[in-house]
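Here are a few exercises on helix packing and ring contacts. Try each one on the structure before you read the solution.

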Amino acid sequence: MPLSPNLRGALFMVVAMVGFTLNDAITKFSSESMNMAQVMLVRGAFASLFVGLLAWQRGALADPRTMLQPMVAMRVAGEAGATVSFLIALAHLPIANVSAVLQALPLAVTMGAALFFGEGVGWRRWLAIAVGFAGVLIIVRPGFEGFSVYSLLALTSVACCAVRDLATKRIPQAIPTMLVSTATALAMTVLGALLLSPMGGWTPMNGTATALLALAAVLVLIGYQFIIMAMRSGDISFIAPFRYTALLWSILLGLVIFGDIPDPPMIVGAAIIIGSGLYALYRERAVGRRQPAAESTGPDMAPDGI
């Protein structure tokens with residue numbers, strides 16, 4: 001019996017989250033044998049190759065000068081900050097904790113759109129944003145036992161991703177998405193090369209390590225394609241909540257691969273963040289407007305560099 005468009009879209013979204021989360025797990029595992037700049041460099045080189053070939057096949061590279069468009073440059077800058085802070089946090093924190101903090105991104109985008117673009121956000125969604133960030137504070141635990149400064153880097157990644165996503169909203173429609181993704185992948189590769197020496201230099205790699213990072217790049221591309229397919233399959237209000245399955249996969253992979261067991265504050269904080277995000281999404285649909293929290297799960301919002 002064929003699946004309905006909504007169920008098919010939900011399945012595609014789950015597959016996308018599996019791809020992104022497996023990429024995170026491989027990246028974290030690789031950080032045990034090399035610094036994160038080298039991970040960025042090698043994975044970015046593979047991603048640039050794969051995404052560049054796909055963009056070329058689709059004719060998206062016909063006018064590469066558009067990579068210099070200001071909003072494209074701002075998006076790349078936001079992605080650069082998000083990637084560096086995310087990868088450093090991922091190397092030092094349980095993968096589930098980093099993933100849980102990142103679930104606050106739709107709320108951050110909604111807040112940014114209200115503050116900088118003047119988009120209407122009612123008091124209910126402002127309350128949802130405040131409650132969601134209270135959940136982030138429960139996970140980060142500033143001033144309490146168990147606090148790690150690397151948690152602040154995860155929060156920095158959220159802020160940079162919000163800048164990236166808000167800049168994406170202002171990129172002219174005439175600029176192909178695949179061109180933007182190619183520019184982002186190339187920038188992450190160059191940034192990894194620039195940070196390589198300050199972060200400790202090059203560590204010799206064997207075939208397995210190289211293959212794992214190539215696989216990570218492929219998984220990002222798979223996640224990117226499946227999130228596009230998901231958004232084109234059914235209603236966003238039905239499909240978007242399935243982005244939160246990334247947290248479930250992060251908990252499972254953290255437990256199986258790294259032996260990380262989520263503690264109660266992390267579980268409580270994550271539940272608050274997800275609940276707030278779902279309520280904000282519900283309110284967006286209830287008032288009949290397609291606002292950033294929904295759009296942050298769309299095809300243009302794929303995490304190219306993370």
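**Exercise 1.** Work out which residues in α2 meet which residues in α8, and how the two helices pack.

*Solution.* Start with the contacts (heavy atoms within 4.5 Å). On the α2 side you should find, among others, Ala37, Met40, Leu41, Gly44, Ala45, Ser48, Val51 and Gly52; on the α8 side, the list includes Met178, Ser181, Ala185, Leu186, Thr189, Gly192 and Leu196. Keep in mind that this is a predicted model, where local features need pLDDT of at least 70 and side-chain atom pairs count only at pLDDT 80 or more, while totals for chains, interfaces and linings use all residues. Residues are numbered from 1 along each chain as its sequence is written, and side-chain values use heavy atoms, leaving out hydrogens and water.

Next, the geometry. Helix α2 spans residues 36–57 and helix α8 residues 177–196, and their axes lie 8 Å apart at an angle of about 155°. The two are therefore roughly antiparallel (angles over 145 degrees, taken from 0 to 180 degrees between N-to-C directions, with axes fitted to C-alpha atoms over the stretch in contact). Last step: the crossing is left-handed, meaning the near helix is turned anticlockwise from the far one by less than a right angle.

**Exercise 2.** Find how α4 and α11 cross, and which residues make the contact.

*Solution.* The axes of α4 (residues 95–102) and α11 (residues 245–258) come within 8 Å and cross at roughly 170°. That makes α4 roughly antiparallel to α11. The contact is made by Ile95, Ala96, Ser99 and Ala100 of α4, with Ala246, Leu247, Ser250, Ile251 and Gly254 of α11.

**Exercise 3.** How many aromatic pairs does a search of the whole structure find? Work through the one formed by Phe12 and Phe226.

*Solution.* The search gives 4 aromatic pairs (ring centres within 6.5 Å). Phe12 and Phe226 sit 5.6 Å centre to centre with 70° between the planes, so that's edge-to-face (planes over 60 degrees apart). Phe12 is in helix α1 (residues 5–30) and Phe226 in helix α9 (residues 207–231), so the pair ties together parts that are 214 residues apart in sequence. Now check accessibility: Phe12 is buried at 16% (under 20% relative accessible area, 1.4 Å probe, protein chains only), whereas Phe226 is partly exposed at 23% (20% to 50%).

**Exercise 4.** Which ring does the charged end of Lys28 sit over?

*Solution.* Look at Phe258: the charged end of Lys28 is 5.4 Å from its ring centre (the cut-offs are NZ within 6 Å of the centre and within 35 degrees of the ring normal).

Notes: Phe/Tyr/Trp six-rings, centres within 6.5 Å; stacked < 30°, edge-to-face > 60°. Helix = DSSP H or I, 4+ residues; strand = E, 2+ residues; numbered from the N terminus. Parallel < 35°, antiparallel > 145°, perpendicular 65-115°, else oblique.
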